[in-house]
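Good morning. Please have the sequence and the structure open while I talk.

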Amino acid sequence: MKFFIKLLLVLIIIIAGYFSFIYFVHYSEGVRAGKLVKFSNKGVIFKTWEGEISQGVSESQIFIFSVEDDEKTVIKDLDRFQGKFVKLHYFERYKKLFWLGDTNYFITKVEAEVD
């Protein structure tokens, strides 16, 4: 019985470590600029904020991103800048976490682009 308890404890620690790594460790970070063409709150059980900016003429130049719920300022800014040129500061996670968003890219700051 003690063996199973130890095994269960080790499995819980490994799973918690895996999800902590995915959540807290960022793969990359940067800035993307383009015209904000879509921003919406979607989902049935887990509501997530998703958006797109167009960085050129073709569909291959679309940057798809997510926004975490606690980023209230970012959500307000994206609602306000719909259809305008924006500069998005983001970080990328190693993997997607379905309850946070549909992408690995999460926006941390939005700036209106003048050009």
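I will go through one glutamate, then the aromatic rings, then two arginines. Keep in mind that this is a predicted model.

Let me begin with E50. You will find E50 in strand β2, which covers residues 48-54. Is E50 buried or exposed? Its relative accessible area is 4%, and the cut-off for buried is under 20%, so E50 counts as buried.

What surrounds E50? If we leave aside the neighbours within four places in sequence, the residues in contact with E50 include K38, F39, S40 and K42. Also among them are F65 and S66, and then G101, D102 and T103. With S66 there is something specific to point out: the side chains of E50 and S66 make a polar contact, at 2.7 Å. For a residue elsewhere, take F4. F4 is 46 residues from E50 in sequence, and the two C-alpha atoms are 42 Å apart in space.

Now the aromatic rings. A ring pair is described by two values, the distance between the centres and the angle between the planes. How many aromatic pairs are there in this model? The count is 12. One of them is Y27 with Y94, an edge-to-face pair with 5.1 Å between the centres and 65° between the planes. This pair links distant parts of the chain, 67 residues apart: Y27 belongs to strand β1, residues 26-42, while Y94 is in the loop between β4 and β5. As for accessibility, Y27 is exposed at 52%, and Y94 is partly exposed at 38%.

The next pair is F39 with W49. Why is this pair called stacked? The planes are at 15°, and the limit for stacked is under 30 degrees, so the pair qualifies; the ring centres are 5.2 Å apart. Here too the pair links distant parts of the chain, with F39 in strand β1 and W49 in strand β2, 10 residues apart. Both of these residues are buried. F39 has come up before, as one of the contacts of E50.

There is also a cluster. Ring pairs join F63, F65, Y90 and Y105. F65 is another residue we met in the contacts of E50.

Last, the two arginines. R32 lies over the face of Y105, 5.8 Å from the ring centre, and Y105 is a member of the cluster I just described. R93 has its charged end over the ring of F106, at 4.6 Å from the centre of that ring.

That is the end of my part. Thank you.

Key: Residues are numbered from 1 along each chain as its sequence is written. This is a predicted model: local features need pLDDT of at least 70, side-chain atom pairs count only at pLDDT 80 or more; totals for chains, interfaces and linings use all residues. Side-chain values use heavy atoms; hydrogens and water are left out. Helices (H or I, at least four residues) and strands (E, at least two) are DSSP runs, numbered from the N terminus. Buried means under 20% relative accessible area, exposed over 50%, partly exposed in between (1.4 Å probe, protein chains only). Contact means heavy atoms within 4.5 Å. A polar contact is a pair of N or O atoms within 3.5 Å; within protein, one must be able to donate a hydrogen and the other to accept it, and residues adjacent in sequence count only if both atoms are side-chain atoms. Rings of Phe, Tyr and Trp (its six-membered ring) pair if their centres lie within 6.5 Å; planes under 30 degrees apart count as stacked, over 60 as edge-to-face and the rest as tilted. A charge sits over a ring if NZ of Lys or CZ of Arg is within 6 Å of the ring centre and within 35 degrees of the ring normal.
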